[in-house]
Amino acid sequence: MGEVKVIGSSKSLFCARVEWALKLKGVEYEYLEEDLLNKSPLLLKHNPVHKKVPALVHDDKPIAESLVILEYIDETWKDYPLLPEDPYERAMARFWAKFADEKCVMGAFAAFWKEGGEKEKAIESALESFTFLEKQIQGKKFFSGDDKIGYLDLVTGWIPLWLNVMEEAGGMKLMDAQKFPFLHEWTQNFIEIPLIKECLPPRDPLVNHYNLSVRYYRSMAAAKQ
């Protein structure tokens, strides 16, 4: 099926989902770690529009944006389908994936770095978004509805590690087991899958990265005032 490369960063939650998908499919690939502070000519060549990771390169053809990459992987390699076969269920998986990235990821990130009253508003908004995910996972082991993980599980797979790190670095708490018992149970099931663990970065360097990030974003916000 041709040579496959992943240009990514171990710090990026968007990159982990791409590696998980390739590993689930049994696809061999070359991983290229990107320095996000000094972006390589290779990244700029293969993702000139956004200049961001991840970028998938298959037979010298680049694909950007992690959700697009996941769908490309699923359509190219048929083993271990990630998206449901039923058209309605596929549409719903895509809807909730987009929701999770736009509302949950970005909501958690806003709550992570903001301060004071803005932080409280961001936390409230993020909690509301996670409430919708809680309803989606209720009564299921995985978002796929099966005993194996699927597309939406990979998209939300940042929650067990990255959200926990954001909470520590940002001095907040979003994923409370009492508020979100079904999501909490899902995180325990997801994180115990050996293939998932293999692609998780070490926690301490990730905490250091987010500690630096929170100071950076707060200083940028202060400079604009």
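This passage describes the salt bridges, a charged surface patch and an annotated domain in a predicted model.

Seven salt bridges were counted in the predicted structure. In one of them, aspartate 101 is paired with arginine 17, with 2.9 Å between the closest N and O atoms. This pair links distant parts of the chain, since aspartate 101 belongs to helix H4 (residues 87–113) and arginine 17 to helix H1, with the two positions 84 residues apart in the count along the chain. Both partners, aspartate 101 and arginine 17, are buried.

Helix H1 also takes part in a salt bridge between lysine 25 and aspartate 74, for which the closest N and O atoms are 2.6 Å apart. Because lysine 25 lies in helix H1 and aspartate 74 in helix H3 (residues 66–76), this pair ties together parts that are 49 residues apart in sequence. Lysine 25 has a relative accessibility of 6% and therefore counts as buried, and aspartate 74, with a relative accessible area of 9%, is likewise buried. A further residue of helix H1 (residues 13–25) is alanine 16, which is buried at a relative accessible area of 4%. The C-alpha atom of alanine 16 is separated by 24 Å from that of arginine 215, a residue 199 positions away along the chain.

A salt bridge is also formed between the side chains of glutamate 167 and lysine 173, with an N to O distance of 3.5 Å. In this pair glutamate 167 is buried, its relative accessible area being 6%, whereas lysine 173 is partly exposed, with a relative accessible area of 47%.

On the surface, a patch of negative charge is formed by Glu85, Asp86, Glu89, Asp146 and Asp147. Within this group, aspartate 146 is placed in the loop between helix H5 (116–137) and helix H6 (151–155). Aspartate 146 has a relative accessibility of 43% and so counts as partly exposed, a value that satisfies the requirement of over 30% relative accessible area for patch residues.

With regard to annotation, the unreviewed UniProt entry places the feature "domain: GST C-terminal" at residues 86–217. In the predicted model, this span is 73% helix and 0% strand, and its end C-alpha atoms lie 42 Å apart.

Notes: Residues numbered from 1 in each chain as written. Predicted model: local features only at pLDDT ≥ 70, side-chain atom pairs only at ≥ 80, totals over all residues. Heavy atoms only, no water. Patch = residues over 30% accessible without salt bridge, like charges linked within 9 Å, V, L, I, M, F, W, Y side chains within 5 Å. Areas by Shrake-Rupley, 256 points an atom, 1.4 Å probe, with all protein chains shown as cover. Salt bridge = Lys/Arg side-chain N within 4 Å of Asp/Glu carboxyl O. Lys, Arg positive; Asp, Glu negative; His and termini not counted. Charge placed at Lys NZ, Arg CZ, Asp CG, Glu CD. Helix = DSSP H or I, 4+ residues; strand = E, 2+ residues; numbered from the N terminus. Buried < 20%, exposed > 50% of the residue type's maximum accessible area, 1.4 Å probe, protein only. UniProt positions renumbered as here; feature names shortened; annotations may be inferred.
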